[in-house]
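Q: I'd like a close look at one part of this protein, namely how its aromatic rings are arranged. Could you walk me through them?

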Amino acid sequence: MNPNVRNSAELQTFDVIIVGGGMVGASLACALAETELKIAVLDSQEFRSQELISADTAFDPRVSAITSESREFFVELGIWDTIVRQRSSAYTDMHVWDADGTGSIHFSATDIHVSELGHIVENSVILAALHDRLREYANVELIPQASVTALQAPSSSPDLGHSLVGLADGRSLSAHLLIAADGGNSRVRELAGFKTREWDYEHHAIVTTVRTELPHDRTAIQRFMDAGTLAFLPLCKSADALNDDQTYCSIVWSVLPEYADELMALDEEHFGRELKGAIEGRLGKIESVDARYSFPLRQRHAASYVQEGIALIGDAAHTIHPLAGQGVNLGLLDAQVLATEIKRAQTSGRDIAELKVLRRYQRRRIGHNLGMMWTMEGFKRLFADQPLPVRWLRNVGMTGIDRTVTLKNRIMRSAMGID
C-alpha cells in the first residue's frame, strides 16, 4: 500500500469521488445527484455561491462560449434559469476575417432560424449556479481546499476493488469510482499513470475584459493574423440584455510569447491602443481595460480516458486551442455521456466502475474530441504565416464559404451542437 494513504476505520468512503469542482466536474456531479450514489466533489479552492455575484461585481476574465447543446444540458441540470438571472450574453452574429486579405465569413442566427448562436457566460457565474445546486443534494458532499497528493489505484492492487485517495491535509478517502476533472495538469491523471500526447502551440493567450466606445450589438468578432488570433466576445453587465449598454467584451488574444510579454508590460492606455489596432478599430476606442492574465497554450490528449475504476473527463483528458471556444463544451459532453453510461450500468445491475462500462464512455467521446482537436490544429496552421499562394487560397476559401449558404449554415449548426 502507498504509505501516504491510510486505510483505517476513519477512512471516508464514497461510491463516486470527482476530483475537480470546476464546470465539468460539478456538471457531472449534478447529473449523478438524482441517483442513490454517495458522491464527493473535491476542489483545491472554495466552492462558489451566486449570492456573491451582482450587477456591480467585476467581470470574470474567464468566460465560456456555451453552445445550444451545452445550454440544454444546463437546462436538464436545473441551473440555466439561474445563470440567465445572474448575467449571460446571447450573441446572434459572428464575424470572422483574415487580416491578410479580403476573406471573411459572417454567421447569423437568422440564417438558420434560431434566436441566438450561443451564449457568452462568465465561468464564475456557471460555477456559482452549479455549486449552489449541488448543495441541495444530501448525497453530495463538497470538500473544498482538498489537494490530492497520493493515490492507490485498483490497477496497482487488483484485490483492492476501489481507489484510495490521500489529501494534503492527511485525510484519506475511498472511491469505488474515481473521476479526474482536475484540469490540464491533472494530478490524478499523473498519479494513475495515464499516458498523454502533448505539444506546445508556441503561443500565449492574453485574457481580460474591456469596455469599448461602440456597442458590440451581440456580435462576436474574430480576426485571424499571422502572429495569432484575436476574439472579442460580447458581454452584458446585467441580466437585462436588451437594455444593457453592450459595450463590454471579453477578449482572448493568442500571440507569440515575446509579444505577449510586451503587451503585458504596457500600461492600460497603450495596451488599449494596441488592441484597437489589432481589431482594426471595429469597436472604436478601447475605453477601459480590466486586469490582464497571460498563460501558455498547449494541446494535450490522453492516450486512454479510462482504466479500471478511474475515468478522465474535460481538460484532464484533452485540452485544445481556445480558437473556437469549444474546450468547455467538449468537457460538458464528456460529463453528459459518462453520467449516461453510469446510470445505464446502474439500471442493468452492472458495476459502475467496471472497465467495460467506462470504455463505452471512451468510445463515444474519444473520436469526437480528437476530431475537434485536429480541426483546431488545422485552423491554427492554416492561419499561421504562410506563402502568398496559400494566403490567396485561404481568402478565396473563406469568401466561398460565406457565399455558399448551405455549407455555412451546416457549419453553424454543427458548431452549436444542433447537428
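Which residues do ring pairs link into a cluster?

A: Happy to take you through it; please keep in mind that this is a predicted model. The cluster is made of Trp253, Tyr259 and Phe271, joined to one another through ring pairs. A charged side chain belongs in this picture too: Arg292 sits over the face of Phe271, 4.5 Å from the ring centre.

Let's widen the view to the aromatic pairs in general. The count comes to five aromatic pairs. One of them joins Phe59 and Tyr248, and because the ring centres are 5.2 Å apart with the planes at 50°, this pair is tilted. Its partners come from separate places in the chain: Phe59 is in the loop between strand S2 (39-42) and strand S3 (63-66), while Tyr248 belongs to strand S15 (residues 248-255), so the pair ties together parts that are 189 residues apart in sequence.

Are these two rings buried or exposed? Buried means under 20% relative accessible area. Phe59 has 7% relative accessibility, so it counts as buried, and Tyr248, at 15%, therefore counts as buried as well.

Another aromatic pair is formed by Phe74 and Trp80, and this one is stacked, with 6.4 Å from centre to centre and 15° between the planes. Both Phe74 and Trp80 are buried.

Finally, back to Phe59, which has a charged companion as well as its aromatic partner Tyr248. Arg87 lies over the face of the Phe59 ring, 4.6 Å from the ring centre.

Note on methods: Residues numbered from 1 in each chain as written. Predicted model: local features only at pLDDT ≥ 70, side-chain atom pairs only at ≥ 80, totals over all residues. Heavy atoms only, no water. Phe/Tyr/Trp six-rings, centres within 6.5 Å; stacked < 30°, edge-to-face > 60°. Helix = DSSP H or I, 4+ residues; strand = E, 2+ residues; numbered from the N terminus. Buried < 20%, exposed > 50% of the residue type's maximum accessible area, 1.4 Å probe, protein only. Lys NZ or Arg CZ within 6 Å of the ring centre and 35° of its normal.
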